[in-house]
Amino acid sequence: MELSPCVTDADYEAWRSVRIAVLPYERCESVEELRARESSDRLMLVAREGDTVVGSGMADRGESADSGAAAPRVLPDHRRRGIGEGILRALADHCTSLGLPRLRAKVDDDESLAFARRFGFVEVDREVELTRSVAGAPSSPALPEGVEVVTSAERPGLWEASYDRFGREAVAGFAVDTPLDVTPERWATTWRGDPMFLAVHDGEVIGCAGLLLDTDEPTRAENALTAVRGDWRGRGIAVHLKLRALEWAAAHDVDEVYTWTQDGNVAMRTLNERLGYTTSRTSITVSRGLPLT
């Protein structure tokens, strides 16, 4: 087996082919999106045996404080031959070189969980995926007086400017085992949907909801962050924004929308279920200390 970093567009397409095969139910970032996230902290690997792609890997600084994020993946026909271990060790060594004390990963099935446990990972958190058909969504309810909804594209710079007051609060409210550490740069890029609907009052963002379109499966989209500032909650803003996103999806030939919610975020799970979302699967977050011995 040979591990090589992604350099060319062909390398990134090979990486994507593994990601799509292993996680066919989730959108995969395009080559353009992946290239936009290139940095010295981020390692993207493709595993090959001769000319055959057999697996892939990604490691980076995670959004959980003092943690690295790793995603080793092996195509089903090539598992149980040590390929996954080779990829995992390369990713763990990279995160160790960044001075990170812990490594986190996500597993979606029993086989992957058993693999993680072999290397000392333990479960620390869970996320639940909820899915909704776009058809039959009700109309958006009225907004509180003085609140308007715009998209981030209509107001350039507004999303970026919302980080200090709105973004920090939204990120701090996640029901996770370790606080998130989201930089302004990540907030401005990977945390913004397209479209991203923003509820605005007196020029400030007080709520958001959006979509991440799936370029490989155009009839499907993932919900981007849904959040409302604490002093504006309980006034129907989250419902309005999520329904605006569903209305947009219906008008742009999207049939199905899915969202990931922390298992402990009862308020958001309840909201999603009220809007007709149903649970489709669970993802487990595992963690262990570095270095990997």
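Leu241 reaches well beyond its own stretch of sequence in this predicted model. Setting aside neighbours within four places in sequence, Leu241 is in contact with Val149, Phe197, Leu198 and Ala199. Gly207, Cys208 and Ala209 also contact Leu241.

Where does Leu241 belong? Leu241 is part of the largest nonpolar core, which has 27 residues. Along with Ile237 and Val257, Leu241 is one of the residues with the most contacts inside that core. Several elements build this core. Strand E7 (122–133), strand E9 (196–201) and strand E10 (204–213) each supply at least two residues. So much for the strands; helices H8 and H9 each supply at least two residues as well. H8 gives the largest share, eight residues. A second, separate core has 26 residues. Ala70, Ile87, Leu100 and Ala105 are among them. In soluble globular proteins, nonpolar side chains tend to be buried together.

Now turn to the two helices. H8 covers residues 237–251, and H9 covers residues 266–274. How do their axes meet? The axes come within 11 Å and cross at roughly 50°. The angle is neither under 35 degrees nor in the range 65 to 115, so H8 is oblique to H9. The crossing is right-handed.

Which residues make the contact between H8 and H9? From H8 come Ala238, Val239 and Lys242. From H9 come Leu271, Asn272 and Arg274. By class, this contact is mixed: three residues are nonpolar, one is polar and two are charged.

Conventions: Residues numbered from 1 in each chain as written. Predicted model: local features only at pLDDT ≥ 70, side-chain atom pairs only at ≥ 80, totals over all residues. Heavy atoms only, no water. Axes fitted to C-alpha atoms, helices over the stretch in contact; angles between N-to-C directions. Helix = DSSP H or I, 4+ residues; strand = E, 2+ residues; numbered from the N terminus. Parallel < 35°, antiparallel > 145°, perpendicular 65-115°, else oblique. Left-handed = near helix turned anticlockwise from the far one by under 90°. Contact = heavy atoms within 4.5 Å. Nonpolar A, V, L, I, M, F, W, Y, C, P; charged D, E, K, R; others polar. Core = buried A, V, L, I, M, F, W, Y, C linked by side-chain atoms within 4.5 Å. Buried < 20%, exposed > 50% of the residue type's maximum accessible area, 1.4 Å probe, protein only.
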